[in-house]
Amino acid sequence: MIIYSCITNGYDKIPDDHYYDPHVKYVMYYDGDIEQKGSWEFIKCDRQEPDWIKSYYPRCMSHTLFDEPHVWVDGCYTMPLDFVEKSKQFLQNELTLQDHPQQRTIVQEFYKLYKVGFATEDELVNLAEDMIHAGFKPSQHKQSLNCCIWRQSTEKVKQWNECYWNWYRNHCQRTDQIASSVAEQFIMKAVRVPMQIDWDISTRQKSYNETYTMYENKEDDQFIDRISSALKTKRSLMGL
């Protein structure tokens with residue numbers, strides 16, 4: 001089993017309180033200068049892409065990096081004492097994702113991205129239209145929290161990874177929870193487990209404004225109407 005992560009643009013700092021199992025290989029992809037500590041093998045990430053794409057390549061395209069079972073964990077969260085033992089259980093499945101503790105409908109997820117300012121109205125509407133055209137069913141969306149992902153290296157997981165990656169990189173930033181939902185509908189459903197890390201304890205170093213291109217979006221009602229229309233669903237059914 002391999003546990004791996006990626007830190008680009010100094011976005012995260014490696015937590016001090018990780019539990020490292022001596023029988024597990026730990027791999028950290030990085031760029032720039034980071035404090036190298038813990039049991040990680042550090043591998044330079046030299047992809048010439050914006051950080052919001054570069055850091056997601058190892059998260060999404062894990063089959064290009066590892067042949068054995070592997071676990072992604074975001075660089076800012078601490079692996080608890082039981083993380084390895086639980087990971088061994090989860091890796092009996094081809095693909096395991098965490099259920100998001102604050103479930104949102106697909107319209108609510110689009111609205112969050114719009115309201116925080118990660119993408120423009122047109123970018124998000126275009127993504128929604130592309131999803132519906134490809135066969136996405138909004139009623140089947142179930143949000144995952146992708147700060148941890150457990151995968152085998154199978155042909156089906158490879159296809160899932162590629163779908164996840166392509167829907168993410170070809171649209172707009174911070175849409176990975178939407179992209180993984182698309183991959184679950186089009187390729188394979190993941191086994192779901194509760195959240196395995198403490199969401200409230202984070203070593204994130206930079207704000208969104210320091211990392212992403214942020215937009216000031218103010219036309220809430222117009223956006224909700226447009227995104228509901230693009231997803232071919234009624235806004236009243238989506239809790240907005």
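W40 sits buried in this predicted model, with a relative accessible area of just 7%, well inside the under 20% cut-off for a buried residue. Its aromatic partner is Y20, and the two rings meet edge-to-face, at 6.1 Å centre to centre and with 90° between the planes. Y20 comes from the loop between β1 (2–7) and β2 (25–30), while W40 belongs to strand β3 (residues 40–44), so the pair ties together parts that are 20 residues apart in sequence.

Another edge-to-face pair brings F118 and Y212 together, this time at 5.6 Å centre to centre and 80° between the planes. Here the link spans 94 residues in sequence, because F118 lies in the loop between α4 (106–116) and α5 (121–134) and Y212 in the loop between α8 (208–211) and α9 (220–230). Both rings are tucked away: F118 is buried at 3% relative accessible area, and Y212 is buried at 9%. Ring pairs also join F118 and Y212 with Y11 and Y208 in a cluster. Across the whole structure, the search turns up 17 aromatic pairs.

Then there is the nonpolar packing. The largest nonpolar core counts 53 residues, and the members touching the most others are I106, F110, L124, M131, I178, I227 and L231. Helix α6 (residues 155–169) is the top contributor to this core, supplying seven residues. Taking I227 as an example, and skipping its neighbours within four places in sequence, its contacts are V107, F110, L124, V125 and A128. A second core, separate from that one, holds 26 residues, with Y26, Y30, W40 and V84 among them.

Key
Residues numbered from 1 in each chain as written. Predicted model: local features only at pLDDT ≥ 70, side-chain atom pairs only at ≥ 80, totals over all residues. Heavy atoms only, no water. Core = buried A, V, L, I, M, F, W, Y, C linked by side-chain atoms within 4.5 Å. Buried < 20%, exposed > 50% of the residue type's maximum accessible area, 1.4 Å probe, protein only. Helix = DSSP H or I, 4+ residues; strand = E, 2+ residues; numbered from the N terminus. Contact = heavy atoms within 4.5 Å. Phe/Tyr/Trp six-rings, centres within 6.5 Å; stacked < 30°, edge-to-face > 60°.
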